[in-house]
Amino acid sequence: MSDQRDEPDLIYISNENSQIMKTGIEGVPDLLVEILSPSTGEHDKVPKKELYQRFGVKEYWIVDARHRTVDQFGLENGKYRLERTCGSFDTLVTERFPCIRIEMKNLFQVLEKVEG
């Protein structure tokens, strides 16, 4: 994953997996998040998703700020499966990481300010 385009927008590493953080990240993170933009959308949805799947990233989210959705993919038997699509009024939770709970309306309010 040395190509800069293959760096995710957000990374989550659980306490149980913290040994991969040495001088950088030397291993597979637990969760990767991509925020779509017109210039990166196709790359995030196809090659990056396939790359992260191949490396065994447990969960992958694709945030679409324009449509106010998050696609939540989970790795099962080496393949990503779309587990849920969250909209503006949903709460994003994941069984893999019980400490994560995101009110989607708050997330999209922040993204509006950043884009803004």
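How far apart are the mean positions of the positive and negative charges of the protein? They lie 2 Å apart, taken over 16 positive and 21 negative charges. Keep in mind that this is a predicted model.

## Overall build

The protein has three helices and seven strands. Reading from the N terminus, the elements follow the order β-β-α-α-β-β-β-β-β-α.

Along the principal axes, the C-alpha atoms occupy a box of roughly 35 × 30 × 30 Å. The radius of gyration is 14 Å, and because a compact globule of 116 residues would have one near 13 Å, the two agree.

## Inside and outside

Of the 116 residues in the protein, 36% are buried. Turning to the outside, the accessible surface is about 7400 Å², and carbon and sulfur atoms account for 50% of that.

Contacts give another view of the fold: among those between residues at least 6 apart in sequence, 41% link residues at least 24 apart.

## Two hairpins to look at

Start with strand β3 (residues 59-64), which pairs with strand β4 (residues 69-76) in the antiparallel sense through six bridges. Here glutamate 59 sits opposite glycine 74 of β4. Four residues lie between the strands of this hairpin, and arginine 68 adopts a positive phi near 55°.

Now follow β4 onward to strand β5 (residues 79-86): these two run antiparallel and are joined by seven bridges. Aspartate 71 faces threonine 85 in β5 as its opposite residue. The hairpin of β4 and β5 has two residues between its strands, and asparagine 77 in the turn shows a positive phi of about 55°.

How values were computed. Residues are numbered from 1 along each chain as its sequence is written. This is a predicted model: local features need pLDDT of at least 70, side-chain atom pairs count only at pLDDT 80 or more; totals for chains, interfaces and linings use all residues. Side-chain values use heavy atoms; hydrogens and water are left out. The radius of gyration is taken over C-alpha atoms; the globule rule is 2.2 Å times the number of residues to the power 0.38. Buried means under 20% relative accessible area, exposed over 50%, partly exposed in between (1.4 Å probe, protein chains only). Contact means heavy atoms within 4.5 Å. Accessible areas come from the Shrake-Rupley method with a 1.4 Å probe; for residues, only the protein chains shown count as cover. Lys and Arg count as positive and Asp and Glu as negative; His and the chain ends are not counted. The place of a charge is taken as NZ of Lys, CZ of Arg, CG of Asp or CD of Glu. Two strands pair if DSSP finds at least two bridges between them.
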